[in-house]
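User: Please take a close look at one part of this structure, the surroundings of its ligands, and explain in connected prose what is found there.

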Amino acid sequence: MALLEIENLVVEFETSTGPFRAVDGVSIKVDKSEVLAIVGESGSGKSVSMLACMGLLPWTAKVTADKMLFDGRDLLKLSDSERRKIIGKEISMIFQEPVASLNPCFTVGFQLEEVLRVHMGMDRTQRRARAIELLTLVGIPEPEERLRSYPHQMSGGQCQRVMIAIAIACNPKLLIADEPTTALDVTIQKQILDLLVGLQDKYGMGLIMITHNMGVVAETADRVVVQYKGRKMEEADVLSLFESPKSNYTRALLSALPDNATGDRLPTVSDMMFEPAPSGAAE
Ligand SMILES: Nc1ncnc2c1ncn2[C@@H]1O[C@H](COP(=O)(O)OP(=O)(O)OP(=O)(O)O)[C@@H](O)[C@H]1O
Ligand SMILES: [Mg+2]
């Protein structure tokens, strides 16, 4: 049984100019101990599709799917109390905007310990010890001091690491990491990716890695879904995707990487997208 199985997910937003379809029939499956990367340009519906799974979209969003199962449970039919037990504990998400996702009114320690109190029922001493352990794990120096800091007293990269600590606090079965390393410099990026993949390996966690970075895909993913304008363009295991991409869009994405570029000018996706596929390639 897959850990997460989504079929034909559609998300439409009510806007002043009528409905806008941000996700248009996407199907995704993630197994236990698997890393699925979702790639695609800005606005392709990567975050919206995952927020839809978590039930975290605003009321203006209309979410439908033929199937949305997590560990055998139907996410579309959860009561509020069932949802609260699963979301943030069994499925958790590292949000794309770390600074905006932390509450500015509470210390980092309070926010981290709150998750441990609500979901794990830990007492004060256990919470404090686990909070220090988590901050150490994500590479924050002087964790005891940092627990007393407010988000505005920390850098963007440190806030991102706190978000990661909160997301992994309860050893989730599925972790959705939405651009988890964008605010970090390269050495920390590598450290965080190793941490996530290490946890995934150690606890058999499913990991969905949303990223623009093909290097991150190559380094971490087992399978890749390529999204464009709310649609899934291609799905393949990571080696096949890099070696023999099937869709024109994936080829365009890969050719736009500086390492693959030939000539003076870096190709852009729109230059290449509508060139015919080589014979035999699926679109
Ligand atoms: N609350 C909302 N109301 C209306 N439209 C929205 C809302 N949230 C997202 N959208 C639209 O849905 C589309 C998909 O957005 P989404 O955030 O999923 O993109 P993304 O693929 O995650 O992009 P990025 O790589 O920049 O994070 C975009 O066109 C966006 O403007
Ligand atoms: Mg996004």
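Analyst: A residue is counted as near a molecule if one of its heavy atoms lies within 4 Å of it. In this predicted model, 14 residues surround ligand 1, and the closest are Ser 42, Gly 43, Lys 46, Ser 47 and Gln 96. By character, the residues of this shell divide into five nonpolar, seven polar and two charged. Strand E2 (18-30) and helix H1 each supply at least two residues of the shell, and H1 gives the most, with three residues.

Several of the closest residues place a polar atom beside an oxygen atom of ligand 1. For Ser 42, a polar side-chain atom lies 2.5 Å from such an oxygen. Gly 43 instead uses a backbone N or O atom, which lies 2.8 Å from an oxygen atom of the ligand. Ser 47 has a polar side-chain atom 2.8 Å from an oxygen atom of ligand 1. Of the 640 Å² of accessible area that ligand 1 has on its own, the protein covers 67%.

Ser 47 and Gln 96 also belong to a metal site. The protein donors of the magnesium ion (ligand 2) are the OG atom of Ser 47 and the OE1 atom of Gln 96, lying 2.0 to 2.3 Å from the ion. Ser 47 lies in helix H1 (residues 46-54) and Gln 96 in the loop between strand E7 (91-94) and helix H3 (98-101), so the pair ties together parts that are 49 residues apart in sequence. Gln 96 counts as partly exposed, because its relative accessibility is 33%, and partly exposed covers the range between under 20% (buried) and over 50% (exposed).

Notes:
Residues are numbered from 1 along each chain as its sequence is written. Chains are lettered from A and ligands numbered from 1 in the order in which they are written. This is a predicted model: local features need pLDDT of at least 70, side-chain atom pairs count only at pLDDT 80 or more; totals for chains, interfaces and linings use all residues. Side-chain values use heavy atoms; hydrogens and water are left out. Donors are N, O and S atoms within 2.8 Å of the metal (3.2 Å for Na, K and Ca); water is not among the atoms, so sites may look incomplete. Helices (H or I, at least four residues) and strands (E, at least two) are DSSP runs, numbered from the N terminus. Buried means under 20% relative accessible area, exposed over 50%, partly exposed in between (1.4 Å probe, protein chains only). A polar contact is a pair of N or O atoms within 3.5 Å; within protein, one must be able to donate a hydrogen and the other to accept it, and residues adjacent in sequence count only if both atoms are side-chain atoms. Accessible areas come from the Shrake-Rupley method with a 1.4 Å probe; for residues, only the protein chains shown count as cover. Ala, Val, Leu, Ile, Met, Phe, Trp, Tyr, Cys and Pro count as nonpolar, Asp, Glu, Lys and Arg as charged, and the others, Gly among them, as polar.
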